[in-house]
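Colleague: I am new to reading structures. Could you take me through one, feature by feature?

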Amino acid sequence: MNIDNIKSQFPIFSKKINGKSLVYLDSSNSSQKPMCVINRLDTFYKSEFSNIGRSIHSLSVNATNKFDETRMSVKKFINAGSKEEIIFTKNATESINLIASTFGQQNIKSGDEILITELEHHSNYVPWHYLRESKGAVIKFAPINEDGDIIISEFEKLITPKTKIIAVTHLSNVTGTIVPVKEIINIAHKKNIPVLVDGCQSAPHIKIDVKDLDCDFYAISCHKVYGPTGVGILYAKKDWLEKLPPYIGGGGMISEVTKEKVSYAQLPEKYEAGTMPTAEVVAFNESIKFMESIGIENLINHEKKLTNYALEKLRSINSVQLVGNPKNKAGVISFTIKGVHPHDIATILDEDGVAIRAGHHCCQILHKKLNLPATARASFGIYNTKDDIDILCEAIENCRKVFNLK
Amino acid sequence: MDLKELYQDIILEHGKSPRNFGKCKNYNHQARGHNPLCGDQVHVYLKLDKEKKVEQLTFEGSGCAISIASTSIMTELVKGKSFKASMEIIDGFLNMIKGGSEVKSNDLTEDQKIKIMSLSGVKQYPMRIKCATLSWHTLISAMENKDKDVNTEI
């Protein structure tokens with residue numbers, strides 16, 4: 001696999017940042033977009049645009065078909081059982097909110113417990129917090145150890161007869177921990193507890209097989225998977241989607257509407273009210289094709305090599321402290337530099353064209369646990385190279401210089 | 001843009017060894033500030049005397065070099081000033097950071113003006129302006145007794 005060839009498919013890399021070549025290490029936040037995706041948006045808007053499902057003219061038929069093709073590609077990409085199990089949302093946050101809201105409405109009462117972990121992004125905590133406020137649910141946090149791994153034995157202890165749902169990330173956006181979700185799902189299902197997996201970070205980096213995992217719900221954000229913004233995916237087992245109430249009401253999600261009552265559309269339309277991000281969903285098909293053209297195994301190998309290289313180089317810099325040391329780690333590396341606050345690191349690195357993220361990365365619970373107010377984070381995508389890591393390390397050395405530190 | 005404009009020696013020094021850090025005794029005004037985007041926190045403690053002169057001004061909190069230095073310099077400059085002069089200095093600073101002219105206050109010594117000007121490099125970095133201004137907005141809240149937390153995003 002030739003990475004230079006892959007990088008050349010991303011037009012953003014021809015841009016200079018502060019006169020320097022862009023070293024983009026913020027893919028956990030959002031990935032850059034390949035030309036095929038940008039072109040697809042362009043051609044769809046230029047020559048194919050129509051709303052879907054609402055008209056019988058040719059453009060609408062084509063748009064509806066193209067929209068549906070993406071659904072079929074997603075189904076195949078994550079190995080879902082049927083296309084009815086693939087719901088398009090605004091983002092993974094909305095996917096999780098959809099389940100928290102509809103599942104909560106139907107299944108949560110005062111005193112019921114929701115089990116999440118200390119690794120969770122705010123988007124896999126706040127929607128459950130709403131149920132704490134509205135229904136009197138109790139939220140329990142499964143602890144992590146100092147390496148950033150979930151302590152499975154402690155996790156098991158927190159499951160009680162009152163546990164109604166478990167929600168867990170597949171891959172931490174701070175420590176890069178790949179969570180053994182299959183094991184967790186197995187434990188949960190023995191007690192008939194459904195599991196939602198936040199797959200925001202995992203979708204671009206590891207093979208997802210929802211059938212093999214046997215998860216009940218899986219949330220994905222397309223903009224992190226080399227796709228457009230404004231599109232998320234909710235995978236849910238068909239039984240659940242049939243059983244749960246609808247979420248957002250409006251056009252497109254109804255079957256029949258009278259002054260007295262409303263009946264709802266079949267799946268997946270039941271959960272897709274209003275005009276969808278049509279062009280973006282259509283263009284997301286190109287993101288999947290792009291990833292498949294590289295081959296998910298190649299992608300994983302490339303990022304694994306890059307991560308190991310980066311960890312080795314960063315460990316050799318005395319002033320750098322890495323955050324977490326999980327057993328199974330993907331290309332997300334958070335770190336601190338002695339004497340330089342992460343925000344200052346981000347500003348200084350930006351001067352060298354190196355884009356990282358600094359802050360709490362929407363994980364305040366985790367940062368509190370780690371006793372760190374903020375961290376700096378370098379996260380990788382398919383376009384990153386060893387050269388990028390070398391430039392990152394030089395820029396880190398520069399932080400010490402700017403701060404007059406020995 | 002030049003990083004040395006932003007990270008001047010005065011800023012690095014105040015960032016590393018902030019003045020007036022901690023909770024002062026007998027404070028009669030206080031306010032908290034928070035930047036939810038990055039997690040910066042500041043807690044300003046203030047003692048106004050009967051004439052509303054700033055008798056004591058200290059802070060606690062965590063943040064980047066810019067935010068700590070800005071807060072540290074603020075406490076040095078405002079401590080001992082009348083209420084009116086304090087407000088003029090605060091307004092002058094916020095105006096400077098937003099791209100306005102340098103701070104012209106008769107209540108500041110030349111040395112103090114150099115200190116406040118050392119923060120002017122921040123205006124070249126739009127994403128860092130809130131780092132520099134959070135504590136100043138928090139001080140206004142404390143002085144005006146608003147009893148409301150300052151949040152950079154509200």
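Modeller: We will go through confidence, domains, a sheet, burial and some backbone angles.

Colleague: What should I check before anything else?

Modeller: Check where the coordinates come from. This is a predicted model. Where pLDDT is low, the coordinates should not be read in detail. Here chain B averages a pLDDT of 91, and 96% of its residues score at least 70. The model as a whole scores ipTM 0.87 and pTM 0.94.

Colleague: How many residues does each chain bring to the contact between chain A and chain B?

Modeller: Chain A brings 15 residues and chain B brings 14. Then sort them by class. The chain B side that touches chain A has 10 nonpolar residues, three polar and one charged.

Colleague: Which domains does chain A have?

Modeller: Domain 1 covers 3-30 + 296-402, and domain 2 covers 38-292. Their C-alpha centres lie 28 Å apart. Domain 1 of chain A puts 27 residues into the contact between them, and domain 2 puts in 28. On the domain 1 side, α11 (296-315), β14 (332-337), α13 (364-370) and β17 (375-379) each supply at least two residues. Helix α11(A) gives the most, with four. By class, that side has 13 nonpolar, nine polar and five charged residues.

Colleague: How do I read a sheet?

Modeller: Read the strand order, then find the edges. Chain A has an open sheet of seven strands, in the order β4-β10-β9-β8-β7-β5-β6, with mixed pairing.

Colleague: Why do β4 and β6 of chain A each have one side without a neighbour in the sheet?

Modeller: They stand at the edges, and each has a single partner strand, so one side is left without a neighbour in the sheet. Now zoom in on one pair. Strands β8 (195-198) and β9 (217-221) of chain A run parallel and are joined by three bridges. Within that pairing, A:Leu196 stands opposite A:Phe217. Then look for what lies across the strands. Helix α3 (58-78) of chain A lies across β4, β9 and β10, at about 115 degrees to β4(A).

Colleague: Is B:Val122 buried or exposed?

Modeller: Count neighbours. Residues with 20 or more other C-beta atoms within 10 Å are buried. B:Val122 has 24, so it is buried. B:Val122 sits in the loop between α5 (110-117) and α6 (129-143) of chain B. Its contacts include B:Leu6, B:Ile66 and B:Ile97.

Colleague: Can I apply the count to a whole helix?

Modeller: Try α12 (342-351) of chain A. Eight of its 10 residues are buried, among them A:His343, A:Asp344 and A:Ile345. After α12(A) comes A:Gly353, with a positive phi near 80 degrees.

Colleague: What do I look for in backbone angles?

Modeller: Look for exceptions. Most residues other than glycine have a negative phi, and most peptide bonds are trans. A:Asn79 has a positive phi near 60 degrees and is not glycine. A:Asn79 lies in the loop between α3 and β4 of chain A. With 14 C-beta neighbours inside 10 Å, A:Asn79 is partly exposed. B:Lys52 also has a positive phi, of about 65 degrees. B:Lys52 lies in the loop between β2 (40-48) and β3 (54-62) of chain B. B:Lys52 has 12 C-beta neighbours inside 10 Å, so it counts as exposed.

Colleague: Which residues does the cis peptide bond join?

Modeller: The bond joins A:Leu267 and A:Pro268, with omega about 0 degrees. A:Pro268 lies in the loop between β12 (262-264) and α10 (278-294) of chain A.

Terms used: Residues numbered from 1 in each chain as written. Chains lettered and ligands numbered in written order. Predicted model: local features only at pLDDT ≥ 70, side-chain atom pairs only at ≥ 80, totals over all residues. Contact = placed C-beta atoms within 7 Å. Nonpolar A, V, L, I, M, F, W, Y, C, P; charged D, E, K, R; others polar. Domains from an automatic or database assignment. Pairing = 2+ DSSP bridges. Axes fitted to C-alpha atoms, helices over the stretch in contact; angles between N-to-C directions. pLDDT = per-residue confidence, 0-100. Lists of a residue's contacts leave out its neighbours within four places in sequence.
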